[in-house]
Every structure is written in C-alpha cells, then in structure tokens.
Amino acid sequence: GASLEREEMPVLPNAPQKEESKGKDNAVQAIDKDVPTLAFPSISTADFQFNLEKASDIIVETVEEFLPKLGNARLVLVDLTYESKILSLVRAKAAKKSIDSSKFFTFVGNIIELSTKRALHCNVIANAANWRLRPGGGGVNAAIFKAAGADLEMATNDRAKSLVPGSAVVVPLPSTCPLYNREGITHVIHVLGPNMNPQRPNCLNNDYNKGCMVLRQAYTSLFEGFLSILK
Ligand code: AR6
C-alpha cells in the first residue's frame, strides 16, 4: 500500500535539505546522554489520514500540558524528511506558545537510528501502532518491529494483546534487543491513534469531534506512559 511505497523511497539521502530548515529541525542535539528523552512520531497523520492542522494543535497543547511534569526530561517529535508538513506546523505553533525549545523540539531522522545516525540519544521511542500490536503494515510500526526483531514481539505480547484507539502500552525492551544494545532504547511505547482511513479498521468516517478527542487521549496516554518510566 501507500505506506510501503513510502518506506521504500530513499527519502533521506535524496531529499533536498535546505540549510535553513535543516538548522531549525536539528539544531538541538543531545549533549547529555543522561537526559531522559522520548522520541515520538506524529500519531495517525500518515496511514491513518488524520488532518495535519488539527493534529498539530493537539500535539502542541498536550506537550504544553505535560512539560511542567517532566522535570529535566525532553519530548521530541520526529519525522523522516525536512519537508515534513507536520514538523513545520508543530514548530510554528510551539514557537507561538513560547514552549521551551530545549524541552520540546522537532527533529528529522529515522526513529530507529536517531542515536547512531543523528547523535540524538533517546531512551524511549513511541510507535504509531495498529490495534492488534502486530509487526508490518508499513510506516513507523513496520520500521520499529523490523529493527527490534522478535524481542519486541515477545515483550509486547507479555504486556498486551491489543489496544483501543486513544490508548498506549509501555513495553520494556530486553537487553538482547538490537534497539536496546545498538541505540540505547530501553522502552517502546505503542500508541493507537484515531483512524480516518476507510481501508483500515475502526475508521471514524471524518468524525473529527470523536477523532480529536481520541488523538488527545492517545498523546495523554503516551506522555503518561513516559512519565511512569521516569518514576
Ligand atoms: N521514523 C520516523 N518517523 C516515521 C518513520 C520512521 N521510520 N516512518 C514513518 N514515520 P504512520 P499512522 C512518520 O503511517 O498514521 C501502520 O501500518 C510518518 O511520516 O506510521 O498512525 C500501522 O500498522 C508520519 O509522520 O502511522 C497502523 O496500521 C508518522 O510517522 C497505521 O500504519 C506516522 O505515520 C498507523 O498509521
């Protein structure tokens, strides 16, 4: 499907990387490996076809709500290319609200190799999952399950068999997991967002009253899951 094509496109090496936008996204880099950091993709805005304007409002609002609870920890919204519309929308809206850019920023890179390829150390990553918590299907879900191997499938199965839209599950990775020993990722948090794609289960048929509520719940569950790891 469309998401598979996206996975196969050599977006990173060939994308024109304008110096200005490059600076805006990746200016902040991890200096201190001890700063707890959650890297998360934009939930529901690709395969699940959720509206980008609405999603960007919800991301910025839930981030603003959680930042005071996070201590020295950071939240980082990640996408694959410098042309990412969701990253520029969120960056602009976060700046407008004067959100502390050392605590929350956008970043371009593949979420499974931020530490080794982009020098951004993240101990926790979020996954835009499907309700069965199954590997594959394209997008960030396919990438994370592929990189983490059977370890993630087993650890996920120990914690949950399925997710309802708006919920999240925290999965600790065993130290044998490649994402753990290569990237230093100790936990994956699976999140299920609202779906507006008629080809996927639980489609909300453009009901954005419900959709916005569910997306807000999804980010709230994600950030609460991250908080529970910090404690
Ligand atoms: N690193 C960083 N960001 C990524 C990566 C990556 N490797 N891959 C995709 N993104 P999507 P959804 C960005 O479609 O809309 C799956 O098939 C992408 O550009 O992964 O919630 C599941 O099994 C976009 O900004 O998630 C579900 O069935 C964001 O991640 C369904 O897709 C989310 O895109 C979930 O759809």
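**Helix packing and buried residues in a predicted model**

The structure holds 0 disulfides. The model described here is predicted. Two cysteines illustrate different degrees of burial: Cys 122 counts as buried because its relative accessibility is 3%, and Cys 203 counts as partly exposed because its relative accessibility is 21%, with the limit for burial set at under 20%.

Helix α4 comprises 15 residues, from 52 to 66. The distance from its first C-alpha to its last is 21 Å, close to the 21 Å expected at 1.5 Å a residue. At the N-terminal end, α4 is capped by Asn 51, a side-chain oxygen of which lies 3.0 Å from the backbone nitrogen of Glu 53. The buried residues of the helix are Ala 55, Ser 56, Ile 58, Ile 59, Val 60, Thr 62, Val 63 and Phe 66. In an α-helix there are 3.6 residues a turn, so residues three or four places apart point the same way. The elements against which the buried residues of α4 pack are the strands β1 (37-41), β2 (74-79) and β3 (104-108), together with the helices α5 (85-96) and α10 (208-230).

The α10 side of this packing includes Phe 223, which lies in helix α10 and touches Thr 62, Val 63 and Phe 66. Phe 223 also touches Leu 38, Phe 40 and Leu 75. Its relative accessible area is 1%, and Phe 223 is therefore buried. Phe 223 and Phe 66 are 157 residues apart along the chain, yet their C-alpha atoms are separated by 7.0 Å.

Asn 197 is placed in the loop between β6 (187-191) and α10. With a relative accessible area of 5%, this residue is buried, because the limit for burial is under 20%. A polar atom of the Asn 197 side chain lies 2.8 Å from the backbone nitrogen of Gln 199. Beyond its neighbours within four places in sequence, Asn 197 is in contact with Asp 47, Phe 48, Gln 49 and Cys 203. Of these partners, Cys 203 is the partly exposed cysteine noted above.

A further helix pair is formed by α7 (residues 139-148) and α8 (residues 150-159), whose axes come within 5 Å and cross at roughly 105 degrees. Angles of 65 to 115 degrees count as roughly perpendicular, and α7 and α8 are therefore roughly perpendicular to each other. On the α7 side the contact is made by Ile 144, Phe 145 and Ala 148, and on the α8 side by Ala 150, Asp 151, Leu 152, Glu 153 and Thr 156.

Key:
Residues are numbered from 1 along each chain as its sequence is written. This is a predicted model: local features need pLDDT of at least 70, side-chain atom pairs count only at pLDDT 80 or more; totals for chains, interfaces and linings use all residues. Side-chain values use heavy atoms; hydrogens and water are left out. Helices (H or I, at least four residues) and strands (E, at least two) are DSSP runs, numbered from the N terminus. The expected span of a helix is 1.5 Å times one less than its number of residues. Buried means under 20% relative accessible area, exposed over 50%, partly exposed in between (1.4 Å probe, protein chains only). Contact means heavy atoms within 4.5 Å. A polar contact is a pair of N or O atoms within 3.5 Å; within protein, one must be able to donate a hydrogen and the other to accept it, and residues adjacent in sequence count only if both atoms are side-chain atoms. A disulfide is a pair of cysteine sulfur atoms within 2.5 Å. Axes are lines fitted to C-alpha atoms, for helices over the stretch in contact, and angles run from 0 to 180 degrees between N-to-C directions. Angles under 35 degrees count as roughly parallel, over 145 as roughly antiparallel, 65 to 115 as roughly perpendicular and the rest as oblique.
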